[in-house]
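Thanks for coming, everyone. Let's walk through one model together. Please keep the sequence and the 3D view open.

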Amino acid sequence: MIQLKASRCVRSLSKESQCNRCEVICPTDAIVVADNPLPSINFSACIGCGACDAVCPSEALYLDDFNATNFFFSFMEDEDNLISCRKNVPCIAALNIENIISMALLKKEIIFDMGHCDGCAIAYKCKPQIEKSHEEASYMLRAMMSESIIRMENLKYEYEKEIKESNRREFFSKVTLKNAIKTKMQFEKEIQKATDELVEHTLQKSDIALLKQKRITDRRKLFFSAIKRTQKPLLFHVIEADEMTFTSMKLLDGDKCTACQMCYRVCPSGALTSDIKNSKIDFDPFLCIKCHVCHDVCESDAISFSPTYSVKEFFEPEVHNLIKFSVRRCDECSVIFSTNSGERLCYRCKAEDEEAKELWGIKGDM
Ligand code: SF4
Ligand code: SF4
Ligand code: SF4
């Protein structure tokens with residue numbers, strides 16, 4: 001069953017966030033975002049396919065019984081290279097794009113078993129998602145000049161139904177009283193959740209501190225450790241940024257930016273940063289998770305995606321300066337603030353001035 005870590009959902013960072021990727025992908029309509037601050041979950045409708053977990057940019061969703069990072073390591077140890085919903089994943093759509101690329105880079109070849117999709121009730125949403133991930137990952141591998149491939153085959157893998165005697169012994173040795181009680185409690189918890197309707201999520205007091213923490217996702221850490229073990233291409237291709245769902249390159253319109261500081265304060269991964277004086281905005285594509293919240297909070301619409309992305313960023317990452325601000329004291333309250341337009345008053349004094357002018361019907365400067 002799916003769970004939400006509320007403090008990791010980008011919607012908890014700003015009411016302006018438009019993220020609803022989990023709602024869009026869910027094949028059973030178990031997740032509802034609509035205009036709610038955070039996604040609500042109908043646990044009785046969730047079938048645990050994990051597709052929402054895979055598309056969530058910030059790893060806010062997770063399954064009780066499937067963890068993509070643990071799967072990554074066990075798959076790396078496995079000599080086999082087959083990924084199948086009858087073997088090792090709840091659905092192939094539970095795999096996020098970064099883990100797929102990383103596994104392909106390290107294994108040289110991986111196979112998606114698509115043989116069970118026909119006739120599967122959730123394939124109408126999950127199969128196109130798997131195909132999309134396959135296409136994006138294959139494009140990225142080619143752009144990195146890697147010889148690794150991801151094949152989609154109709155293998156219809158079925159695991160052996162016979163339990164070997166050794167496995168039976170192992171099974172019975174685990175049936176202890178302690179395990180039985182744990183299983184019962186887990187079962188009761190699930191039953192209780194399954195009978196609930198849409199469960200709303202709210203932020204707890206303890207979540208507030210977590211919101212301020214910048215976090216690099218586990219899938220990004222794995223991606224970069226896979227890149228480190230990959231042969232650097234002889235030349236770095238520049239690719240269509242539209243094809244990438246997991247990171248981005250930013251452009252910032254200096255004429256539109258008001259130096260409000262919202263974008264880098266809200267950025268959950270630390271891809272957008274400034275210095276102690278707030279005199280600039282830097283961008284590190286190495287860390288960006290393409291969650292879009294910086295675009296959503298920018299009132300002046302100053303941030304946009306670059307149409308291209310250089311593969312160099314994976315192998316020789318660089319921090320890019322997007323803009324520099326001048327830092328000065330407010331003529332009225334003496335507070336230090338950053339500005340991009342030669343403004344003499346800080347935002348607060350300026351806002352108070354404008355409010356007073358509106359109230360008293362005064363035109364022009366006061
Ligand atoms: S996809 Fe993730 S970040 Fe986006 S709304 Fe759903 S839980 Fe939140
Ligand atoms: S880019 Fe937008 S959000 Fe960021 S400081 Fe400039 S105006 Fe504010
Ligand atoms: S820079 Fe990237 S990670 Fe940071 S808020 Fe923007 S899209 Fe999200």
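Which residues come nearest to ligand 3? They are Cys267, Ser269, Cys288, Cys291 and Cys294, out of 14 residues around that ligand. Before I go on, a reminder: this is a predicted model.

Now look at the make-up of that shell. Around ligand 3, ten residues are nonpolar, two are polar and two are charged.

Next, ligand 2. Here there are 13 residues around the ligand. Cys257, Thr258, Cys260, Cys263 and Cys298 come nearest. How does the shell around ligand 2 divide by class? Ten residues are nonpolar, three are polar, and none is charged.

On to ligand 1. The residues around ligand 1 include four cysteines you can click on: Cys9, Cys19, Cys22 and Cys56. Two arginines, Arg11 and Arg21, are there as well. The rest of the list is Leu4, Val10, Pro39, Ser58, Ala60 and Leu61. By class, the shell of ligand 1 holds nine nonpolar residues, one polar residue and two charged ones.

Now the sheets. Start with the parallel one. It is an open sheet of three strands, in the order S5-S6-S7. Which strands stand at its edges? S5, residues 82–83, and S7 do. Each has a single partner strand, so one side of each is left without a neighbour in the sheet.

Zoom in on S6 and S7. S6 covers residues 109–113, and S7 covers residues 149–153. Five bridges join them, and the two strands run parallel. How does the chain get from S6 to S7? It crosses through helix H5, residues 123–143, in a right-handed β-α-β crossover. You can check the pairing residue by residue. Glu109 has Ile149 in S7 as its bridge partner. Ile110 stands opposite Ile150 in S7.

A general point while we are here. Side chains in a regular strand alternate between the two faces of the sheet.

Now the antiparallel sheet. It is also open, with three strands in the order S11-S12-S15. S11, residues 272–273, and S15, residues 320–324, stand at the edges. Each of these has a single partner strand, so one of its sides has no neighbour in the sheet. S11 pairs with S12, residues 280–283, over two bridges. Find Leu272 in S11, and its bridge partner in S12 is Phe283.

Two single residues to finish. First, Ser7. Find it in the loop between strand S1, residues 2–4, and helix H1, residues 21–25. Is Ser7 buried or exposed? Ser7 counts as buried because its relative accessibility is 14%, and the cut-off for buried is under 20%. What does Ser7 touch, leaving aside neighbours within four places in sequence? Ser7 is in contact with Ser12, Leu203, Asp207, Leu210 and Leu211.

Second, Asp64. This residue is in the loop between strand S4, 61–63, and helix H3, 68–77. With a relative accessible area of 35%, Asp64 is partly exposed. Which side chain makes a polar contact with the side chain of Asp64? That of Gln3 does, at 3.1 Å. Now pick Gly48, which is 16 residues from Asp64 along the chain. The C-alpha atoms of Asp64 and Gly48 are separated by 8.6 Å.

That's my tour. Questions, please.

Definitions and conventions:
Residues numbered from 1 in each chain as written. Chains lettered and ligands numbered in written order. Predicted model: local features only at pLDDT ≥ 70, side-chain atom pairs only at ≥ 80, totals over all residues. Heavy atoms only, no water. Pairing = 2+ DSSP bridges. Helix = DSSP H or I, 4+ residues; strand = E, 2+ residues; numbered from the N terminus. Right-handed = clockwise from strand over helix to strand, strands pointing away. Buried < 20%, exposed > 50% of the residue type's maximum accessible area, 1.4 Å probe, protein only. Polar contact = N/O pair within 3.5 Å; in protein donor to acceptor, adjacent residues only side chain to side chain. Near = heavy atom within 4 Å. Nonpolar A, V, L, I, M, F, W, Y, C, P; charged D, E, K, R; others polar. Contact = heavy atoms within 4.5 Å.
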